[in-house]
Amino acid sequence: MMIIDIHGHYTTEPQALLQFRDKQLAGLADAMRRPTTTELGITDEMLIQSVQPQLKLQRERGSDLTIFSPRAAGMAHHVGTEAISLEWTRMSNDLIHRVCTLLPDNFAAVGQLPQSPGAPPANCIPELERVVNELGFVGVNLNPDPSGGYWTGPPLTDRSWYPLYEKLCELEVPAMVHVTSSCNPNFHHTGAHYINGDTTAFMQLIQGDLFKDFPELKFVIPHGGGAVPFHWGRYRGLAQEMKKPLLTEHLLKNVFFDTCVYHLPGVELMAKVIPIDNILFASEMLGAVKGIDPETGHYYDDTKRYVDQLTNLAEADRQKIFEGNTRRVYPRLDRQLTARGKPMVSSS
């Protein structure tokens with residue numbers, strides 16, 4: 001059994017990338033030409049050194065592979081123009097590609113999209129095709145709120161999203177529904193905006209009928225689904241009042257949740273409420289919460305410990321959470337692993 005962590009961000013990127021971003025936003029970068037990451041002076045050795053903290057935690061915590069994407073807060077789609085977002089996105093995705101090419105046994109690539117407030121989601125399709133077809137990415141992060149905490153755009157069920165969804169289905173890549181940093185002072189980005197985004201996205205999907213039009217589309221809602229598991233009865237009841245099908249039929253063939261929940265009772269609740277087939281292992285290590293829990297003496301984001309402690313979980317179900325569900329939701333990753341001699345072992 002492989003232990004696949006589906007939620008990792010490049011939070012230890014080289015300073016040269018951040019310096020480029022500062023120059024870009026200050027209007028000092030070359031507007032006529034996007035330099036490559038190597039031209040920024042970022043060498044392969046620097047990249048390998050930069051991810052040593054992640055590799056160390058993989059070894060210590062017993063995970064095998066991390067699905068790796070650019071820093072979520074760094075996407076900052078609300079900053080600058082659509083052209084700036086595209087330039088920054090391509091630079092960030094190129095760096096992820098280099099890391100995953102250098103360390104393919106440790107990392108698999110997921111990209112950000114060049115979203116911008118008011119811009120049609122269809123404008124993201126060229127970059128989506130590039131990272132999947134040319135760079136071998138297995139998924140993307142999709143921001144339901146490019147305005148950065150003000151929610152000025154249409155819901156995920158709006159038809160303006162449909163061209164992008166068609167391409168996601170065609171390419172067989174799932175989208176993790178992940179907001180970026182908040183520019184609204186009412187919402188702390190990781191403590192409020194992230195959880196708001198997860199919860200809001202799920203409710204939008206309840207209200208619509210998106211998966212009737214896209215039965216193959218797959219979304220991953222991170223951070224345990226925000227408020228969703230804790231208020232599962234509320235969402236079941238709201239769907240019922242709206243005359244929607246049962247959630248198992250309405251959403252759960254297409255919507256999945258990760259285990260970025262930083263205490264054992266939260267993961268226990270997920271396993272009781274959410275069908276096992278819809279839970280994917282993740283830690284977001286070196287992400288939002290890096291400290292040690294004084295009640296346990298272990299890191300909050302060492303989420304494998306919580307899954308390991310689920311005493312009522314059958315081993316076949318544990319295999320689904322750690323590996324099987326991910327390889328089903330991310331078929332391109334499954335094919336990459338199989339081609340490298342790592343076929344999935346049946347959980348039956």
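How much space lies in the largest cavity? About 60 Å³ of space lies there, and the tour below arrives at that cavity after a view of the whole chain.

**Before starting**

This is a predicted model, in which local features need pLDDT of at least 70 and side-chain atom pairs count only at pLDDT 80 or more, whereas totals for chains, interfaces and linings use all residues. Residues are numbered from 1 along each chain as its sequence is written, and side-chain values use heavy atoms, with hydrogens and water left out.

**The whole chain**

Display the chain as a cartoon: 15 helices and 8 strands are present. Helices (H or I, at least four residues) and strands (E, at least two) are DSSP runs, numbered from the N terminus. The C-alpha atoms fill a box of roughly 55 × 45 × 40 Å along the principal axes. The radius of gyration is 19 Å, which agrees with the value near 20 Å for a compact globule of 348 residues; the radius is taken over C-alpha atoms, and the globule rule is 2.2 Å times the number of residues to the power 0.38.

Of the 348 residues, 55% are buried. Buried means under 20% relative accessible area, exposed over 50%, and partly exposed in between (1.4 Å probe, protein chains only). Among contacts with a separation of 6 or more, 78% are between residues 24 or more positions apart; contact means heavy atoms within 4.5 Å.

**The largest cavity**

The whole structure holds 2 cavities of 30 Å³ or more. On a 1 Å grid over the protein atoms alone, a cavity is a set of points where a 1.4 Å probe fits but cannot get out, a pocket is an open set with protein on both sides within 12 Å along at least five of seven lines, and lining residues have an atom within 4 Å of a point. Grid points are joined across faces, edges and corners, and a volume is the space filled by probe spheres set on the points.

Select D5, L57, R61, S63, F281, S283, M285, D301, D302, T303 and K304, which line the largest cavity. At least two of the lining residues come from each of α3 (52–61) and α13 (303–308). The lining comprises 3 nonpolar, 3 polar and 5 charged residues. Here Ala, Val, Leu, Ile, Met, Phe, Trp, Tyr, Cys and Pro count as nonpolar, Asp, Glu, Lys and Arg as charged, and the others, Gly among them, as polar.

**S283**

Centre next on S283, in the loop between β8 (279–280) and α13. Is S283 buried or exposed? S283 counts as buried because its relative accessibility is 4%. Its side chain makes a polar contact of 2.4 Å with the side chain of D5 and reaches the backbone nitrogen of M285 at 3.1 Å. A polar contact is a pair of N or O atoms within 3.5 Å; within protein, one must be able to donate a hydrogen and the other to accept it, and residues adjacent in sequence count only if both atoms are side-chain atoms. Not counting residues up to four places away in sequence, S283 touches D5, H7, C260, Y262, D301 and T303.

**The second largest cavity**

Now select I6, H7, G8, H9, I67, S69, V110, N141, M176 and Y330, the lining of the second largest cavity. Two or more of these residues come from each of β1 (4–10) and β2 (65–70), and β1 gives the most, with 4 residues. The volume of this cavity is about 50 Å³. Its lining has 5 nonpolar, 5 polar and no charged residues.

**The largest pocket and H223**

Turn to the largest pocket, with a volume of about 310 Å³. Of its 19 lining residues, I195, H223, C260, V261 and Y262 lie nearest its centre. The element α8 gives the most to this lining, with 4 residues. By class, the lining divides into 11 nonpolar, 7 polar and 1 charged.

Select H223, in the loop between β6 (219–221) and α10 (232–241). H223 has a positive phi of about 55 degrees, although it is not a glycine. With a relative accessible area of 10%, H223 is buried.

**K243 and N184**

K243, in the loop between α10 and α11 (247–250), also has a positive phi, near 65 degrees. K243 is exposed, with a relative accessible area of 75%.

Finish at N184, in the loop between β5 (175–177) and α8 (189–207), where the residue is buried at 8% relative accessibility. A polar atom of its side chain lies 3.2 Å from the backbone oxygen of G149, and a polar contact of 2.9 Å joins the side chains of N184 and N186.
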